[in-house]
Amino acid sequence: MAALPEEPAEVVVKPDPDGGVPPQPQPPPAPPPAAPPTTAPAEGEAAAGAPGSGGEAAPPKPAPPGPAASPAPTDRQTLLAVLQFLRRNNLHESEDILRREARLLGEEVAAAALSPAGPGAQGTPGGVAAGASAAPGGAAVVAPPPGKVGGGVPVEDQPDVSAVLSAYKQQGDPALYEEYYSGLKHFIECALDCHRAELSQLFYPLFVHMYLELVYNQHENEAKSFFEKFHGDQECYYQDDLRVLSSLTKKEHMKGNETMLDFRTSKFVLRISRDSYQLLKRHLQEKQNNQIWNIVQEHLYIDIFDGMPRSKQQIDAMVGSLAGEAKREANKAKVFFGLLKEPEIEVPLDDEDEEGENEEGKPKKKKPKRESMGSKSKKQDPNAPPQTRIPLPELKDSDKLDKIMNMKEATKRVRLGPECLPSICFYTFLNAYQGLTAVDVTDDSSMIVGGFADSTVRVWSVTPKKLRSVKSAADLSLIDKESDDVLERIMDEKTASELKILYGHSGPVYGTSFSPDRNYLLSCSEDGTVRLWSLQTFTCLVGYKGHNYPVWDTQFSPYGYYFVSGGHDRVARLWATDHYQPLRIFAGHLADVTCTRFHPNSNYIATGSADRTVRLWDVLNGNCVRIFTGHKGPIHSLAFSPNGRFLATGATDGRVLLWDIGHGLMVGELKGHTDTVYALRFSRDGEILASGSMDNTVRLWDAVKVFEDLETDDFTTATGHINLPENSQDLLLGTYMTKSTPVIHLHFTRRNLLLASGAYSPQ
Amino acid sequence: LSSSPCPAPCPGAPSSSTGPRGAGGSGTGMAEEKKLKLSHTLLPAESMKVMAEAMGIAQVPEETSQLLADEVSYRIKEIAQDALKFMHMGKRRKLTTGDVDYALKLKNVEPLYGFHAQEFIPFRYASGGGRELYFYEEKEVDLSDIINTPLPRVPLDVCLKAHWLSIEGTQPAIPENPPPAPKEQQKAEATEPLKSTKPGQEENGPLKGQGQSAAAPDGKGKEKKAPVLEGAPLKLKPRSIHELSVEQQLYYKEITEACVGSCEAKRAEALQSIATDPGLYQMLPRFSTFISEGVRVNVVQNNLALLIYLMRMVKALMDNPTLYLEKYLHELIPAVMTCIVSRQLCLRPDVDNHWALRDFAARLIAQICKNFSTTTNNIQSRITKTFTKSWVDEKTPWTTRYGSIAGLAELGHDVIKTLILPRLQVEGERVRGIVEGPVVSNIDKIGADHVQSLLLKHCAPVLAKIRPPPDNQDSYKADYGSLGSLLCTHVVKARAQAAMQAQQVNRTTLTITQPRPTLTLSQAPQGPPRAPSIIKVPSSITLPVQTLVSGRPSTPTQPSPPPTKYIVMSSASGSSASQQVGGGRDGTFSLQRSGQPRPCATPASISPLRSPALTPPGAGMLLPLAGALGSPLPSLHCPSAPTSSPPDPPLGAVWGPAYQAQLPWEGPGGLPHTALGGRLA
């Protein structure tokens, strides 16, 4: 089994392109600081070993600088001290050299110097390579305040919280803040219409930073009145952040407040046309308004473009995230969104054979790569990544069988469209007092798993075939291994039941995922672990520890073997089932990673976050290749279109947004739901998008229509300015109310029957 | 059994727990309100002092407590915001104490143990000594009580149940799905036809609009097929579709046949289905026509049994919580009124107990008035007027007279007081004229007897309320004429009964817990969607109250119904009705019906029915009717034993049981409602 990390042998975390662009040579990753509770103790259990790991006896860390390489604690203290000294005296080169030799991370230097700040602060997009192994949740690994962007000023590697805050020290007269702000407000309101919308974007970041400055400098009363006076002017979609801000009234509170740190450590990105920017600059210089100018210079990143200023509507579509819009260059990288070529499989054509297999009940499966035009599988998609870009597990015989099954089912697939809507079968979880928190369905729709708030994972068989586990070792040895039905003989009939309960987690199970071959099941939980379960024995095989905080979501790669997880610690991790440590850590989100999805070609991972952005990561090198902003609330669902070109995202704001991955553009907005969209799924051929929500409805949308009238001219692509149709009602094909049952999972069977599920919650 | 006794008011004793917990609630309240007006909510410094005192620290300086309050408020808000995150990830709408625990865990704080989510934790308020306290009450629990109570039922385990939410784009009307048109919507359509679905309402803003109005799902599929209308800028008034699917037609046929058929068990099931099935909205016009045509035909034929069955159908329709009948009252009211006041309802007026039908229908009309009378349609006043008119008329036969009085009496005490009591004297004279005078006809005598007992029955409770206690025969006679003395004894009885009931009220009521809804685990249907079984027998949730009541003694003596001689109208009029409606589709149907002006519909359709009714003055004895009815009727309303009939409680209060007790044709006592599991066919 080819494991990914062979080529890039060390764990790579690439700086987020959106962060401060650190020009410095990357310090090599280093072991975690003194005794992190994470890695080492985990080995024992993790090494217990997935059966799939082949002969590889749980290898040590993939990264060469293993724990053994770390210097003794006392030495390290000294080294840290020296490093600090060098830094203080601006001896950057010496510092770098020493650090490289000592294999120490910048963060550690910092971490050693201060008391740990709040959790989850690491992974901020400052661009520092947060060594994978060195991502112990508890240690405050804070990105440095980025220098002036583009100014070539060396990035300061000092992530000390107090240093971060000290940027607020240069203060003006607190009494004048309100005046500054209302002066600017007046200026913007009197500006020409075409500029007003663009300049209005300044209000929110300025408001936040001025407020924080006041608080930091302990002008509490001024801060309070400043807040009272102007918070009502801010756009309504910022209210969650404003609420956090409003509770922050003392300097002491600022330490450890994550939201505050986000504001400080990442620049708020605004996209403004050159004309509008000139106007602003002239105004501020005329007025000698240094206070605001300083904030603009230091805390905002203004992405200037040439051309027409954008309209209010265009701006509103794109803003709303915690740190402003994505920079244009953040979405410039090439993304191979095409599908991988399907391996040639001999398809037995006789129909009788097919029937036989059906009854045999040994249907095996693989993700639906075949999707659209059948002819395509012959030729390589120009947009597809090289076949071996990511090492993928080889197909087993059972996988091939399953692929054949899948193809046969595909021929019986219903062609959906506005005239032919799918039937929806709803699986209701009754008596789910424990709280249903996650659901997944196997690709062949034979099993359903539910994750519950009472820490259990329950697997149901929804076919007449019951769930059976393998016999015990003693009994297995008695079986004739040469017999034809050996696979049948190894199963223990006595254990057959429709429901199997898996116990092991110690907190609510927030995510579940079946492996494509249906032999394994993943679950992730509040207890910080991801667990791998065998569906042969119905026991836990591995507990992957890495996230020290609740893990919100996990998913298997469509080709198996790899899986991704994301959690409260703001990072997403890529794992392989036979490695107890993550292969990649995707850091960059400014808040919890709430959902994770693999691209159908397994080369990319999409993550949605509570910072209201969606990011697309390259599995090969860990780069963030796309940042999508536009949602006004935490993202809770993601779905790739079967052809890999588009991504649909749903959030607490009840809207579903559609993105063109290749161009990095928003291409559609589907309004209709009145509550969080928890489930999204494209039909097998991509004609219909189904969305399920907390508002007890399943809605069907015409995906073909959204994508066909796409304007992808060069201008749009270059500027990213989109004009979305105001009304998405003509895209809505159907709304189906459930009986007070929130819809939390959707799944299209291979024949395009839509399965939905949720727990009945009597009012 | 860890719930050890705890002192009732514990304002701040476990300060670490009550503090955050209490304010956590307020914090989330703030977080959930969706206004852009944020405020700096702070705990009062006073609370800090109280808590400090509870911990044994006296004299906390003002400054310190202010600082503490600020800090604690900030931390609590922080925790509340984290807790919200857990709520969202848990895919819930309600914040639980568990969420707060997990949020504390995130902050490396020991969670609060021993707090479990309750639906609602009421805050109590107390003040004294110039201080105000908010706390939630923790009752003292006696351990022995807990030990001695029997164990509660084990909660049911999670299970999966599959059903069709949609079949090729249309939502089947099965109990698992919400009713296709919720009652509110039906009501809105009936009462405010222009307002019901405003065009563009659902487009407006999903962010603000509580887009439940967008729930007009079943119209979608049809509307798409008419692209001509689609493009029009002005949306037409939403049509309700009256086409029935094959399954619905089948259901309709089965139900109507069972309702008027000879098998009482089937009828009970059919009525049960009508009363509970959520998917009948589309069949309502058919049922309504079926009933009105049925009454029209059977009144002419004097077929008492069928009239009774039809009235029971009306009752079942009214009982269905998902139906709103307003639109169909123009058909139903005349039918019901006919059953109340028609001169003749049965072949042998001297023997058959048509009085009970009149009583039952009168109760139905009262229920209709109660449910649907508004200031715009004036149903109640129109009905009252009709009754009064026919009562006052000198030439009105005794049967109609009885019906009018019954109808009025059921409308409530106020109507009795204002309309019936003043006429007692006149009516008494009339009754006396028949009873004591020369024998005119036996029919008249029976009629007069019935009217008398009816008046006594309804007037006595009212009089008991409005007249001061000393009940004097003479004063009654003076006030109410010939009925006076009888009235007096009845009032005395009514008073005694009222006193007894008052005593009973004080007793604890026995609560009957309903079984939990749907416990079945069913296999997912695999393969292509199959047609849902529309003929669903209501599940065990709807095990009706009737079961409890039907235990009353009644006399199921003759289980096998005698050969029926009435017209089986299920095929004749039933099919003609459905042809008429089915062919006409929606537009013609509503036009045809609405063309009949409703106000005059009521009297107009009654009078022609009354005229052809022959009154064969057959002489006979008072015998309990045991003829055409499926089950024999005990003679509850025989004048020979008027006192044996159970006292009629005031209308409305005990509608269900009362009618159960009085209408034994509801089914033989102890009808096996467990047979609900069976199919209708």
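This passage describes the overall make-up of chain A, the setting of one proline in it, and two helix packings in chain B.

The structure is a predicted model, in which local features need pLDDT of at least 70, side-chain atom pairs count only at pLDDT 80 or more, and totals for chains, interfaces and linings use all residues. Residues are numbered from 1 along each chain as its sequence is written, chains are lettered from A and ligands numbered from 1 in the order in which they are written, and side-chain values use heavy atoms, with hydrogens and water left out.

Chain A has 21 helices and 29 strands (DSSP runs numbered from the N terminus, helices being H or I with at least four residues and strands E with at least two). Of its 763 residues, 64% are buried (under 20% relative accessible area, with over 50% exposed and partly exposed in between; 1.4 Å probe, protein chains only). Among contacts in chain A (heavy atoms within 4.5 Å) with a separation of 6 or more, 65% join residues 24 or more positions apart. The accessible surface of chain A is about 27400 Å², and carbon and sulfur atoms contribute 53% of that area (Shrake-Rupley method, 1.4 Å probe; for residues, only the protein chains shown count as cover).

A closer look at one residue is worthwhile. A:Pro550 sits in the loop between strands E11 (539-545) and E12 (551-556) of chain A, and counts as buried because its relative accessibility is 3%. Beyond its neighbours within four places in sequence, A:Pro550 touches A:Ser525, A:Glu526, A:Gly528, A:Gly567 and A:His568, along with B:Phe86 and B:Leu106 of chain B. The C-alpha atoms of A:Pro550 and A:Tyr510, 40 residues apart in sequence, are 8.6 Å apart.

Turning to chain B, helices H12 (residues 304-319) and H13 (residues 329-341) have axes that come within 11 Å and cross at roughly 135° (axes are lines fitted to C-alpha atoms, for helices over the stretch in contact, with angles from 0 to 180 degrees between N-to-C directions). H12(B) and H13(B) are therefore oblique to each other (angles under 35 degrees count as roughly parallel, over 145 as roughly antiparallel, 65 to 115 as roughly perpendicular and the rest as oblique). Here B:Leu307, B:Met311 and B:Val314 of H12(B) meet B:Leu332, B:Ala335, B:Val336 and B:Cys339 of H13(B).

H12(B) also packs with helix H10 (residues 264-276) of chain B, at about 30° and with the axes 7 Å apart, so H10(B) and H12(B) are roughly parallel. Residues in this contact include B:Arg267 and B:Leu271 of H10(B) and B:Arg312 and B:Met313 of H12(B).
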